[in-house]
Amino acid sequence: MSPTQSFTPDNVSIVKRNPKLDIAEALTSEWMDNHVFATAWLNAMSITFPLGEQFFINSVRHYRDRITDPKLQREMKAFYSQEAVHLREHQRYNELLCAQRGYDLEKLIGPMRRRMQWVEKNVPARQRLAGTVAVEYMTAVMAEKVLGEADIFAVAHPAMAELWRWHAAEEMEHKAVAFDVYRAIGGTEKMRRAAMRRSTFFLIWDILHGVRHMLKCDGKLWSPKVWFSGLAFLFGKRGVLRGTLKLYRDFFRKDFHPWQHDNQQLLERWSLQQQ
């Protein structure tokens, strides 16, 4: 019998879904409650996803022959399937957004693509997987914010809210897959922590690059009102980053595993809402 390598709860299913969402009309406007900065921030997050999702798939798949646990093998395949649909849907999102609002997709993704091409060629596979582990955890933390009591998309265009909640639910379902693969292949705690520090810097850098481009195109880059509203959106009383610091810091604990934060009830509630 193969040793246990998966520590995702047995009753959590990693399910490939195929949403058909009509977001074209929403993307012409400030779809997040007519909030300029919030809309730009979330759109900029979407810009990073297609390249990121492909990187995550490649990083995990590289070690498929090292995994002997049938459960983790199944979860890896489900992880690839979910991430491939995320890639497809956010690529469509990004192309629609840029076509309708006059943003330059190449300027938005070019720096990130060149950096990731360099990483693929020059950074060892284990470090690439550690980076995937770090970003997957950050997306899971944000997913908890999306599906939790804050309900940050309650004020969003319904189609966009549905898209982001779907993405969040799937990130939550597969939040430990890359982590379990990393641990199974002997990834170190030191490398994992270092990867989180680097990944945090570059994720924020890439999102701000997107925000800057979008606000510049919209003629609002130098608006103090927009940037002050952005601080409130991120760090205010109901800010999207409010309350996430403890979850983020937990990643640096020696005995950490993503499912120590058991949020299955959020997945169950979301699933019931889809029925």
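Hi everyone, let's start with a pocket: the second largest one holds about 230 Å³ of space. By pocket I mean, on a 1 Å grid over the protein atoms alone, an open set of points where a 1.4 Å probe fits, with protein on both sides within 12 Å along at least five of seven lines. The volume is the space filled by probe spheres set on the points, joined across faces, edges and corners. Lining residues have an atom within 4 Å of a point; there are 14 here, and Met32, Ile152, Val155, Phe233 and Arg238 are the closest to the centre. By class, the lining has 9 nonpolar, 2 polar and 3 charged residues.

A quick word on the source: this is a predicted model, where local features need pLDDT of at least 70, side-chain atom pairs count only at pLDDT 80 or more, and totals for chains, interfaces and linings use all residues. Residues are numbered from 1 along each chain as its sequence is written, and side-chain values use heavy atoms, without hydrogens and water.

Next, helix H2, residues 70-101. At its start, a side-chain oxygen of Asp69 comes within 3.0 Å of the backbone nitrogen of Lys71. After H2 comes Gly102, with a positive phi near 80°.

Finally, the cysteines. How many disulfides does the structure hold? It has 0, counting a disulfide as two cysteine sulfur atoms within 2.5 Å. For Cys98, the nearest cysteine sulfur is that of Cys217, 8.6 Å away. Cys98 is buried at 7% relative accessibility, while Cys217 is partly exposed at 39%. Buried is under 20% relative accessible area, exposed over 50%, and partly exposed in between, with a 1.4 Å probe and protein chains only.

Methods
Ala, Val, Leu, Ile, Met, Phe, Trp, Tyr, Cys and Pro count as nonpolar, Asp, Glu, Lys and Arg as charged, and the others, Gly among them, as polar. Helices (H or I, at least four residues) and strands (E, at least two) are DSSP runs, numbered from the N terminus. The expected span of a helix is 1.5 Å times one less than its number of residues. A polar contact is a pair of N or O atoms within 3.5 Å; within protein, one must be able to donate a hydrogen and the other to accept it, and residues adjacent in sequence count only if both atoms are side-chain atoms.
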